[in-house]
Amino acid sequence: MSRSDAPSSLTLRQAQDDVDRWIQTIGVRYFDELTNLAQLVEEVGEVARILSRTCGEQSYKSTDRPGELADELADVLFVTICLANQSGIDLTEALRANLEKKTSRDKDRHRNNEKLRE
């Protein structure tokens, strides 16, 4: 089955493998971690720019070209995956452990937060 025939869902493991394959065949090699950190900050900034103008009080300049939020979020994910790959981190396991930590720590915290009640 080719990638275009594959179901639309993608596991984190598959995403990590796909990004690694792309880096090895098209990207030549991973940028060093500090360069990838700078790239991640840049991409998060682009997400912030879009949201501050579409959901916040900021407006676009007449010369601005609105970005595509989905594309910018995908860029953030791509660079995050690059950092995980080059650091030997399995994002599936990392996310599972992180959710367990948050569940244990925040079990009642948000339910009891007066600021979240309507």
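Q: Buried means under 20% relative accessible area, exposed means over 50%, and partly exposed is what lies in between. In this predicted model, is Leu37 buried, exposed or partly exposed?
A: Let's start in helix H2, where Leu37 lies. Its relative accessible area is 43%. A residue is partly exposed when its value lies between the limits of 20% and 50%, so Leu37 counts as partly exposed.

Q: Which residues join Leu37 in a nonpolar patch on the surface?
A: A residue needs over 30% relative accessible area to enter a patch, and Leu37 has 43%. The patch has about 320 Å² of accessible area in total. The partners of Leu37 in it are Leu34 and Val41.

Q: How many helices does the protein have?
A: Reading along the sequence gives the pattern α-α-α-α. There are 0 strands. The number of helices is 4.

Q: Why is the protein described as more spread out than a compact globule, and what is its radius of gyration?
A: The pattern to keep in mind is α-α-α-α. For 118 residues the globule rule gives 13 Å, and the protein is well over that, so it is more spread out than a compact globule. Its C-alpha atoms fill a box of roughly 50 × 45 × 35 Å along the principal axes. The radius of gyration is 18 Å.

Q: What share of the contacts with a separation of 6 or more is made by residues 24 or more positions apart?
A: Some context on the surface helps here: buried residues make up 19% of the 118 residues, and the accessible surface comes to about 9,200 Å². Of that surface, 55% belongs to carbon and sulfur atoms. As for the contacts with a separation of 6 or more, the share from residues 24 or more positions apart is 62%.

Q: Glu43 is buried yet has no salt bridge, so which is the nearest side chain of opposite charge?
A: Glu43 is found in helix H2, which spans residues 33-54. A salt bridge needs a side-chain nitrogen of Lys or Arg within 4 Å of a carboxyl oxygen, and the nearest candidate for Glu43 is 12 Å away. That side chain belongs to Arg49.

Q: Which residues does Glu43 touch, not counting those up to four places away in sequence?
A: Glu43 is a buried residue of helix H2. With residues up to four places away left out, the ones it touches are Glu72, Asp75, Val76 and Val79.

Q: How far apart are the C-alpha atoms of Glu42 and Asp75?
A: Glu42 is found in helix H2 and is partly exposed, with a relative accessible area of 43%. Along the chain, Glu42 and Asp75 are 33 residues apart. The separation of their C-alpha atoms is 9.7 Å.

Q: Which residue forms a salt bridge with Arg21?
A: Side chains of opposite charge can pair when their charged atoms come close. Arg21 is partly exposed at 47%, and its partner, at 22% relative accessibility, is partly exposed as well. The two residues lie 3 residues apart in helix H1 (residues 12-25), about one helical turn. With the closest N and O atoms 2.7 Å apart, the partner is Asp18.

Q: Which residues are joined into one network by salt bridges that share partners?
A: The structure holds 8 salt bridges. One of them links Arg105 and Asp106 at 3.0 Å, N to O, and Asp106 counts as buried at 12% relative accessibility. Another pairs Asp108, partly exposed at 36%, with Arg111, exposed at 62%, and here the closest N and O atoms are 3.5 Å apart. The residues joined by shared partners are Arg105, Asp106 and Arg109.

Q: What is the phi of Val28?
A: Val28 is found in the loop between H1 and H2. It is exposed, with a relative accessible area of 67%. Although Val28 is not a glycine, its phi is positive, at about 75°.

Q: How far is the C-alpha atom of Gly27 from that of Gln14?
A: Gly27 also has its place in the loop between H1 and H2. At 25% relative accessibility, Gly27 counts as partly exposed. Gly27 and Gln14 are 13 residues apart along the chain, and their C-alpha atoms are separated by 18 Å.

Terms used
Residues are numbered from 1 along each chain as its sequence is written. This is a predicted model: local features need pLDDT of at least 70, side-chain atom pairs count only at pLDDT 80 or more; totals for chains, interfaces and linings use all residues. Side-chain values use heavy atoms; hydrogens and water are left out. Buried means under 20% relative accessible area, exposed over 50%, partly exposed in between (1.4 Å probe, protein chains only). Lys and Arg count as positive and Asp and Glu as negative; His and the chain ends are not counted. Contact means heavy atoms within 4.5 Å. Patches are made of residues with over 30% relative accessible area and no salt bridge: like charges are joined within 9 Å, nonpolar side chains (Val, Leu, Ile, Met, Phe, Trp, Tyr) within 5 Å. Accessible areas come from the Shrake-Rupley method with a 1.4 Å probe; for residues, only the protein chains shown count as cover. The radius of gyration is taken over C-alpha atoms; the globule rule is 2.2 Å times the number of residues to the power 0.38.
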